Amino acid sequence: MVSYQITQWSHELFRIQVKPGGSYVDATMGNGHDTLFLCELAGETGNVTAFDIQEKAIHATEKLLKDNQMEHKARLILDSHIHMDKYFKPQSVDGIYFNFGYLPGGDHNLATKPETSVEAIGKGLKLLKKGGIMALCIYSGGDTGFEEKDCILEYLKNLNEKSYIVIVNTYYNRKNNPPIPAFVIKK
């Protein structure tokens, strides 16, 4: 039996929805594990663009991609995810992946924030093609607090049901504020 952590679970559900070889965005690059996953999904014909505000994230991702012979597959951008709309036209992206919180092993004071996270989600939804998916790994408690989780979930709850399908999963029997995997599919 596979023991699904939030990213493993999100990767599997993301993979089901998207077609291989698409255009993908890692909105929160971190150490590059989601970027690598998206590069594998992109294959030879697709592309990946990843964003982060920390040079440490860029360097960690460059190394991970190089170690896996995928360095040619991704464009790594030192910029906030709230600016992703400057790099893409509306309805040009097949999938977007968010992993909120802070860079593992990094400065916990440089975590994603409620206002910018919700803004980035809104901009990302405009970039998605019809049938595209957005995966959101939402953390709370400890360093990140509950405000970001609550703001994101409230935003998702109020998306137009004629335009989007929103699925929020729960680790129902886990204690200590488990992460929440959520998905938005553009109709």
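Buried residues make up 51% of the 187 residues in this protein chain. Keep in mind that you're looking at a predicted model. The chain folds into five helices and seven strands, and two glutamines in its loops, Gln-69 and Gln-91, have backbone angles worth a look.

**Layout of the chain**
- Starting from the N terminus, the elements go α-β-α-β-α-β-β-α-β-α-β-β.
- That adds up to five helices and seven strands for the protein chain.

**Contacts and surface**
- Take the contacts with a separation of 6 or more: 73% of them in the protein chain come from residues 24 or more positions apart.
- About 9,800 Å² of the protein chain is exposed, and carbon and sulfur atoms supply 52% of that area.

**Gln-69**
- You'll find Gln-69 in the loop that links α3 (55-67) to β3 (74-78).
- Its phi is positive, at about 55°, even though Gln-69 is not a glycine.
- Is Gln-69 buried or exposed? Gln-69 is exposed, and its relative accessible area is 57%.

**Gln-91**
- A little further along the tour comes Gln-91, sitting in the loop between β3 and β4 (93-99).
- Gln-91 also isn't a glycine, yet its phi is positive, near 55°.
- Gln-91 counts as exposed because its relative accessibility is 52%, and exposed means over 50%.

How values were computed:
Residues numbered from 1 in each chain as written. Predicted model: local features only at pLDDT ≥ 70, side-chain atom pairs only at ≥ 80, totals over all residues. Heavy atoms only, no water. Helix = DSSP H or I, 4+ residues; strand = E, 2+ residues; numbered from the N terminus. Buried < 20%, exposed > 50% of the residue type's maximum accessible area, 1.4 Å probe, protein only. Contact = heavy atoms within 4.5 Å. Areas by Shrake-Rupley, 256 points an atom, 1.4 Å probe, with all protein chains shown as cover.
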